[in-house]
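Reader: I would like a close look at a single part of this protein, namely its nonpolar core. Please take me through that part and then say how far the model can be trusted.

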Amino acid sequence: MDQSTIPHWYAPDGDVLELVEGEGVRVSDADGNEYLDFLSQLYSVNAGHSQPAIADAMAEQARKIAYVSPSKHNDQRARLAGRLAEKAPDSLTDVMFSVTGSEANEAAMQLARDYQGASKILTRWRSYHGSTYGAAALTGDPSTRAAVEEHAAVTGHAKFLPPLDYGGPFSADTPEELAEQAADHLEWVIRNEGPDSIAALFTEPIAGTSGAYPAPPGYFERVRELCDEYDILLVSDEVIAGFGRCGDWFGIQTEGVEPDMITFAKGVTSSYAPLAGVIVNEEIAEHVGEEGMPVGQTFAGHPVSCAAGNAALDAYEDGMLENVRDLAPHLEARLRDLESVPEVQDVHGRGFLWSVEFGRPDGEKDEFLFDPRVDEGENPVAAVRDEARARGVLFGSGRPDTQVLVAPPLCTEQDDIDRAVDVLEASVDAAFGANG
Ligand code: PLP
């Protein structure tokens, strides 16, 4: 491989995989080795690799007219906006496009602050919302936040604990009790921050890179009630959870709760082209209509990306969402077999988004903020992923890096699941030796 092409800023160890082809769930490298892509690259190639219909739609739009500025009409853009609003919960009616998930969250923050006349935004510890200054400040993962906090004071943010019983103050006997304790804690944070100072609460409906953990039953109903009671906008960050990943169009729909805004990216085009945005309720849309959006981006709602988006949505409608619903119980059952491994702390997730979370071999639950083994630079979880890669399956890493994330494309078949989980089991054995 030409060393000058190595993206050293992302892979300082130089361990770079050069992927040159893909088809469905399979990708192959420059040496002809084939892998099952069980992380959909970045939890984002939801429709699978090299789908001809998506590539053709993009080419056709580029041949017709590749670029039309965001303030003008483009039929692919208008059609995609209409389809997204139709798939979102009923109260969400209007779409504002941007380019990346981080920028979608920036736009949602601007909208929330402007609409509410308040500045504070609440987010969870152990969350990920992006890498720009504002979106990184939303993020509850300490390593991401630290990277921006070193350079600038980003104000107007407060954090609350996720509904997790790892370390932390919650000690519940049932998931319902955990939901109640975590919601009571959230109310305490809201009251202490001052409800009038809070514009919005951003949350991933099912955590993404921070561990694919769904909330316990009843939690999101309480969050919605608290947002209503204290006049706080509820924003569902669907950058990973959306577009079939959790078995419905948007992750929050699996919780039966209506947010005031949804932010999206990644899966909207199955990552064939960059596209992101915010879906807002009628009141926010009307507010923007009166005031006009003061800022925008050149590539927001790019026509070629929107063509990819419409073709990706066709693929999801054409059986892929159903495939997730059909096969998710099988994926879950196979992964839960790993719970008998002493080092496996927990297996959690929903749909085609799962985390096998590793803990201490003595069975004690680690605190969720960090894992001392990772801090010491000896991370057996990375060894599990390396073993799996050597056996032909790519899995994802999370923040903190105590987990193997499992997020295959939505077109993945049962045989692929069986092979990938067999490989994961063998890799855990290899990484943990006789214990595994
Ligand atoms: N929100 C969530 C939940 C994400 O997982 C990500 C990226 O992984 C983002 C926002 C940021 O998206 P982007 O990397 O496109 O800026």
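Author: Two residues count as in contact if their C-beta atoms, placed from the backbone, lie within 7 Å. With that cut-off, Ala312 touches Ala47, Ile54, Val268, Thr269, Ser270 and Tyr272, leaving aside residues up to four places away in sequence. This is a predicted model.

Ala312 belongs to the largest nonpolar core, a set of 124 residues. Together with Ala112, Met261 and Ala308, Ala312 is listed among the residues with the most contacts inside this core. Helix α10, residues 303-336, gives the most to the core, with 15 residues. Domain 1 (19-50 + 319-434) and domain 2 (52-318) both give residues to the core, so the core lies between them. In soluble globular proteins, nonpolar side chains tend to be buried together.

The surroundings of the ligand make a useful companion to the core. There are 15 residues around the ligand, and Thr100, Gly101, Ser102, Gly130 and Val239 come nearest. Helix α4, residues 101-116, supplies the largest share of this shell, three residues. Sorted by class, the shell has nine polar, four nonpolar and two charged residues.

As for trust, the protein chain averages a pLDDT of 91, and 91% of the residues score at least 70. The model scores ipTM 0.99 and pTM 0.95. Residues 368-374 are a stretch where pLDDT stays under 50. For that stretch the model has 18 contacts beyond four places in sequence.

Notes:
Residues are numbered from 1 along each chain as its sequence is written. This is a predicted model: local features need pLDDT of at least 70, side-chain atom pairs count only at pLDDT 80 or more; totals for chains, interfaces and linings use all residues. A residue is near a molecule or strand if its C-beta atom, placed from the backbone, lies within 6 Å of it. Helices (H or I, at least four residues) and strands (E, at least two) are DSSP runs, numbered from the N terminus. Ala, Val, Leu, Ile, Met, Phe, Trp, Tyr, Cys and Pro count as nonpolar, Asp, Glu, Lys and Arg as charged, and the others, Gly among them, as polar. A nonpolar core is a set of buried Ala, Val, Leu, Ile, Met, Phe, Trp, Tyr and Cys residues joined through C-beta atoms within 7 Å. A residue is buried if 20 or more other C-beta atoms lie within 10 Å of its own, exposed if 12 or fewer, and partly exposed in between; C-beta atoms are placed from the backbone. Domain bounds come from an automatic or database domain assignment. pLDDT is the predictor's confidence in each residue, from 0 to 100.
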